[in-house]
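Please open the model in your viewer and keep the selection tool at hand, since this tour moves from one selection to the next and says what is found at each stop.

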Amino acid sequence: MYSYTDFDSAFIKERNAQFRAQVERRIDGSLTEDEFKPLRLMNGLYLQLHAYMLRVAIPYGTLNGRQMDKLADIADRWDKGYGHFTTRQNIQYNWPELRDIPDMLDALAEVQMHAIQTSGNTIRNVTADHFAGAAADEIADPRPVAELIRQWSTDHPEFQFLPRKFKVAVTGSPNDRAVTKAHDIGLRMLERDGVAGFEVIVGGGLGRTPMIGKVLKDFLPREDLLPYLEAIVSVYNLLGRRDNKYKARIKITVHENGIDDFRARVEERYALIRPQFGGIDQQLLAGIEADFAAPKFKTQSLAAFEAAYTNDPVFRSWADTNLTDHRAPGYAIVSISLKAHAATPGDATSAQMRVMADLARDYGHDELRISHEQNVILPHVHKSDLPALHARLKEAQLATANIGLISDIIACPGMDYCALATARSIPIAQEIATRFDDLKLEHDIGPLKIKISGCINACGHHHVGHIGILGLDRAGVENYQITLGGDGSEDATIGERAGPGFSAEEITSAVERIVMAYLELRHAPEETFLETYRRIGLAPFKAALYPEVQADAA
């Protein structure tokens, strides 16, 4: 992983000192909240329903054990002993005191972390495939490119006051685990005739106007990436609307002007600025790639793994669900679920963080990843170590075998924390997970992604959930709309709205009716929920969801 240079360390130190002075001026009344707001947002600090919230960047979701330990220490010292991992590979602390924020930032800097550009109308934390550098299906590790983009965009003088926030995601695998088509810019690494490059996608996004991104360039050589990105963001910066924040994202810019017009403007700008990039960016990338060299993998007998898999049904269930193929023989990628039934999706206690840090050091080449699905990944674990690792996960209540299943729910913080939310997400997710745990149907149902947002801003990615749930306020009452058939993969699709919404008391039973209909309608246990939905469409599920309408029509 990337290590800070002296320049990086000095930059963060100076930036923290500036913000410490700004916080002191806010506390003594020299700055009003309105004056302080743009300053705090530049440093990842929000003012939420009950308290300030600090959002810390975990670039492309990668961190080591020491960094995870520091996140735990911060949770204990300045929060309530836990942190919340988000859908954008960040961690949020929900209860810090304003006076403590500068000390928290200094603590983060000790382990080369910060909160810069995790908020505001600028290029946000660059995200990537959480299996990067380990996945068996990977063409190339996307993290060095993501790090290059991070360095280019951090404090970029032209892009600090964009029309709206701007999100970039990178994947190095044909199986898209970074939801690239729902980002302002999505980059898919390719290799064509032996030449490395990218498919460049623009104008994707969720929120109140969900759109799947459009292909701006089907193949961009690797050496042209940074000037091309600069051209895209420059055109958006000039062309993007500033008269209406709800029309300000690049997806609206592309939609209103058309992809061909937008492409022509980008190509024109690119031709002008390309000569300014004389190859220094490629030298920089080459240096960064050295920081992401693969660990030295070991060769060892698999006997312990095979014995546990044969003799221990609990271990076998966890292995079948939470392990993914690794590119190195004898290794596996381990997904640690932060979705224990009835738990808050994405939350980890400080004790659990320390356990995961220890496991990374003991078994995982000191690497961890945060997934956009709010779980934690150990990307490199030899299978001979899995029985011991699983035992320690069980002790820490981190061994829930539900990755990709119905209780592995993405949920935003909702009205329990967020000032923008109009409905609760967390208790809905907890109730659904508990219901299906009680029914003991989870593994029979198979892959099924439920995603819940507590408002139209869609931080829970409900539009691309196989079952999406959007909580809204209806005349002072929480109401939950259902969408079906959404997908965040390489076949990205916006879900279809099923019909009228449900109350908080009704929504779990409504989801159960959908799932029971799927179990009746699927051709075979191997046919997933999404495959069944794509085969038969919305109508049969709608009939199951609203039985009273069918009865009235009879």
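Which side chains meet in a salt bridge with an N to O distance of 2.8 Å? Select glutamate 110 and lysine 70 in this predicted model, and you will find that their side chains form that salt bridge, at 2.8 Å from N to O. Glutamate 110 sits in the loop between helix 4 (101–109) and strand 6 (127–128), while lysine 70 belongs to helix 3 (residues 65–78), so this pair ties together parts that are 40 residues apart in sequence. The two partners can also be compared by their accessibility: glutamate 110 counts as partly exposed, at 49% relative accessibility, whereas lysine 70 is buried, with a relative accessible area of 17%.

**More salt bridges**

Stay with helix 3 and select aspartate 76 together with arginine 354, whose side chains meet in a salt bridge of 2.9 Å, N to O. Arginine 354 lies in helix 12 (residues 350–363) and aspartate 76 in helix 3, and the pair links distant parts of the chain, 278 residues apart. Arginine 354 is partly exposed, with a relative accessible area of 27%, and aspartate 76 is likewise partly exposed, with a value of 39%.

Next, select glutamate 97 and arginine 99, where another salt bridge joins the side chains, this time with an N to O distance of 3.9 Å; the cut-off for counting such a pair is 4 Å, so this one still counts. Here glutamate 97 is partly exposed, at 41% relative accessible area, but arginine 99 is exposed, at 56%.

Now select Asp141, Arg143, Glu367 and Arg369 as a group, because salt bridges that share partners join these residues into one network. Side chains of opposite charge can pair when their charged atoms come close. Across the whole model, the count comes to 35 salt bridges.

**Helix 1 and helix 4**

Is arginine 15 buried or exposed? Select this residue in helix 1 (residues 6–27), and note that arginine 15 has a relative accessible area of 9%, which means that it is buried. If you leave aside residues up to four places away in sequence, arginine 15 touches Met42, Asn43, Ile116 and Asp155.

Move on to helix 4 and select its buried residues, which are Ile101, Pro102, Met104, Leu105, Ala107 and Leu108. To see what surrounds them, add helix 1, strand 1 (45–47), strand 2 (52–57), helix 3 and strand 5 (90–93), since these are the elements against which the buried residues of helix 4 pack.

**Cavities**

How many cavities of 30 Å³ or more does the count give? The count comes to four, and the largest of them holds about 150 Å³ of space. To find this cavity, select Pro59, Tyr60, Thr62, Gln67 and Gln112, which are the closest to its centre among the 15 residues that line it. Strand 3 (62–63) and helix 5 (143–153) are the elements that give two or more residues to this lining. Colouring the lining of the largest cavity by class would show nine nonpolar, four polar and two charged residues.

The second largest cavity contains about 80 Å³ of space. Its lining includes Ala57, Pro59, His114, Ile116 and Gln117, as well as Arg124 and Arg150. By class, the lining of the second largest cavity divides into five nonpolar, five polar and two charged residues.

**The second largest pocket**

Now turn to the second largest pocket, where about 850 Å³ of space lies. Select Arg177, Glu373, Gly404, Pro447 and Lys449, which are the closest to the centre of this pocket among its 32 lining residues. Helix 11 (313–322), strand 11 (323–325) and helix 17 (529–536) each supply at least two residues of the lining, and the largest share, three residues, comes from helix 17. The lining of this pocket has eight nonpolar, 13 polar and 11 charged residues.

**An annotated domain**

For the last stop, select residues 119–270 and 408–545, where an unreviewed UniProt entry places the feature "domain: Nitrite/sulphite reductase 4Fe-4S". In the span 119–270, the end C-alpha atoms lie 27 Å apart, with 30% of the span in helix and 20% in strand. In the span 408–545, the end C-alpha atoms lie 22 Å apart, and the span is 35% helix and 19% strand.

How values were computed. Residues numbered from 1 in each chain as written. Predicted model: local features only at pLDDT ≥ 70, side-chain atom pairs only at ≥ 80, totals over all residues. Heavy atoms only, no water. Helix = DSSP H or I, 4+ residues; strand = E, 2+ residues; numbered from the N terminus. Buried < 20%, exposed > 50% of the residue type's maximum accessible area, 1.4 Å probe, protein only. Contact = heavy atoms within 4.5 Å. UniProt positions renumbered as here; feature names shortened; annotations may be inferred. 1 Å grid on protein atoms, 1.4 Å probe; cavity = no way out; pocket = protein on both sides within 12 Å on 5 of 7 lines; lining within 4 Å. Points joined across faces, edges and corners; volume = space filled by probe spheres on them. Nonpolar A, V, L, I, M, F, W, Y, C, P; charged D, E, K, R; others polar.
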